[in-house]
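Q: Please take a close look at strand pairing in this model. I would like registers, turns and packing, with the cut-offs behind each term.

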Amino acid sequence: MRKWIPVDNFAGKTYSMKKTILPLLTILSLAPGMQAAEDNFSWEKANIYFVITDRFCNGNPDNDLNYGRRNDYGSEQLNAATFHGGDFKGMLEKAREGYFTNLGIDVVWMTDVYEQIHGWMSGSGAVNDFPHYGYHGYYPLDYTQIDRNYGTAEEFRELVDTLHSQGIRVMLGANLNNPGYPTLLDAVQYGFADTGLSESEAAAHIRSWSYDRFFDTRGQWDGWYGKEWIRMPDEAWDESNPLEATLYGLPDFKDESDSTVEIPGFLQRKWQREGNANDPWVNPSARRLRDVKGLSPLGHLIGWNASWVEEFGIDGFRCDIVENTRLDRWKELNEACNEALSRWRKKNAGKPGAEWTDNFFMTGDFEPSGIEYKPDYAAAGFSNMVNCNFPKKGDLDAITYTWQSYSDSIEAHPGWWPLSYLNNSYHRDADIDNMTDCATSLLLAPGAVQIFYGDETRRPLSDARFNIDSAQAFRSDMNWATADNALSEHFARLGNIRQSHPAIGKGRQITLDSHTCVRTAGSDTVMIRVLPADGTDINVSPFFSDGETLVELYTGQTATVTNGKITFPHYRNNIAIITRH
């Protein structure tokens, strides 16, 4: 259960974010009072926090180096894509401190947790100017166990259970499109290619190494993914067809194939060598799938991905590169995950989250998708595609019309809603000098919204911005020591107000003018006014009646409606959110 606590008389006082919602907006609502509210979670209006686990918080330095990896090549630029130490224990510490609940977060979305390739891939492709590891979770090696850099299976379980106990759902990434690159270190460790290198030599960054030349020798490899599993760009595939295209030289799983395949030899050797020694990191629900026979490539992958839902009660997936995988496979994954979640809830009756009844949630990236309805994807189990087109400049003069289009889309297509963001792991597009207004435009938007870790702290770019692949700089370490507390407070106030008023995320909007709109969902009504001037009247009729006492939620000020208008002496951060007191 989450509490919404009224705040007033803010002048000259300091308030704990664990106890209060700090007012940043003026909102008016028909909700009776500001009572402690039952959990009113809905994916449709969710406030999602997207975190790259490795970059968030290092709770256990003892797990920073694993598998023969290196994490220091001599400079921040060269270390741009090494593992930096963030782990489940660090996230758990922040969860227990109330970091996510204080921000008004409904969902924590973590990057893929399964074991990543052990070695590095050349950064910036053929240029190879830095070693690129799978710290971000996009380069899977073994779908059946957790990467040791993140922590153990029991640490992950404790993190998920803790978030569930706080009313927070948990999302992971799902990858049906590609395994990670074959690397020199993996080739040495699992014997699928003769590199002539030792493990330490394979872990060193070799600037002259060429992935293309290395991959050209795969005809001599022993036990890596064979042609029955994958396609590669140097083979005769139609690269103009997204279902057959390969991306960035990554191997592409043959999702069209219904032919049965054997587990690749290198994985069989890996599991045999590890035996029970890797039990602390193995997903128990995935271990039994290592010996399943008679499955197609995607049959194995769907089972492996769904096993994380069955074992840990994961609530949703962000699906990677959805347009490169056939819709029937996504539908199979959705069905498998709903069944897995149902099994977890029955098996874990009494645990936090087991009483929830919402279906398994799926979204995906389909650049450059916006809010448009995609009926084929909806039929496959998706609730949206991530909205790449949300405005990123914080222009409040035009935002009510953008919000109106989102509200209209939600009304026109029940079960399909926007999922908007300012920044993510591939794009740093928001105006860093106007993040206060950017946050206002996002966190008051209809539909679901996604905060990228550090948006709320003004996390700076790393020196990776000087590399050719400057996008690595978007994934810098969380700036706990230099966080912009005023900006964090703004995100927190808006997040808690949004969480307490379902009309903000899922209400039907009426736009009154370029700066004012009203949204209603059931008994909850809010009026949002951007760029209000101190001491000026706001027309609240016919939504509120003369004599009613209204509260401006961002500042906690109250006033009485007179002649259809309300007046507050001052506003903060260009916003007013008004509702009944």
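A: What follows goes through the strands, pair by pair, with the helices that pack on them.

The model is predicted, so local features need pLDDT of at least 70, side-chain atom pairs count only at pLDDT 80 or more, and totals for chains, interfaces and linings use all residues. Numbering starts from 1 along each chain as its sequence is written, and side-chain values use heavy atoms, with hydrogens and water left out.

Start with the open sheet. It has 8 strands, in the order E12-E11-E8-E3-E2-E15-E14-E13. The pairing is parallel. Strands here are DSSP runs (E, at least two residues), helices are H or I runs of at least four, and both are numbered from the N terminus. Two strands pair if DSSP finds at least two bridges between them. Strands of a sheet pair through backbone hydrogen bonds, either parallel or antiparallel.

Which strands sit at the edges? They are strand E12 (361–364) and strand E13 (386–387), and each pairs on one side only. E13 meets strand E14 (residues 419–421) in the parallel sense over 2 bridges. There, Asn387 has Ser420 of E14 as its bridge partner.

Two helices can be followed on this sheet. Helix H3 (residues 153–165) packs on it, touching strand E3 (107–110) and strand E8 (169–174). The direction of H3 makes about 135° with that of E8. Helix H13 (residues 435–443) also packs on the sheet. H13 touches strand E2 (47–51), E14 and strand E15 (448–452), and its direction makes about 150° with that of E15. Contact means heavy atoms within 4.5 Å. Axes are lines fitted to C-alpha atoms, for helices over the stretch in contact, and angles between N-to-C directions run from 0 to 180 degrees.

H3 also takes part in a ring pair. Phe156 in H3 and Trp308 in helix H9 (residues 297–312) are 152 residues apart, so the pair links distant parts of the chain. Their ring centres lie 6.5 Å apart with planes at 75°, which makes the pair edge-to-face. The structure holds 50 aromatic pairs (Phe, Tyr and Trp rings, with the six-membered ring for Trp, centres within 6.5 Å; planes under 30 degrees apart are stacked, over 60 edge-to-face, the rest tilted).

Now the antiparallel strands. Strand E16 (residues 508–513) and strand E17 (residues 516–521) are joined by 5 bridges. Thr511 stands opposite Cys517 in E17. The hairpin between E16 and E17 runs through 2 residues.

E17 goes on to strand E18 (residues 524–530), antiparallel again, with 6 bridges. Arg519 faces Val526 in E18 as its opposite residue. This hairpin also has 2 residues between its strands, and Gly522 in the turn has a positive phi of about 60°.

Further along, strand E20 (residues 549–552) pairs with strand E21 (residues 557–560) in the antiparallel sense over 4 bridges. Leu550 has Ala559 in E21 as bridge partner. How many residues lie between the strands of this hairpin? There are 4, and Gly556 takes a positive phi near 80°.

E20 has another partner, strand E23 (residues 575–580). That pairing is antiparallel, over 3 bridges. The bridge partner of Val551 in E23 is Thr579. In a regular strand the side chains alternate between the two faces of the sheet.
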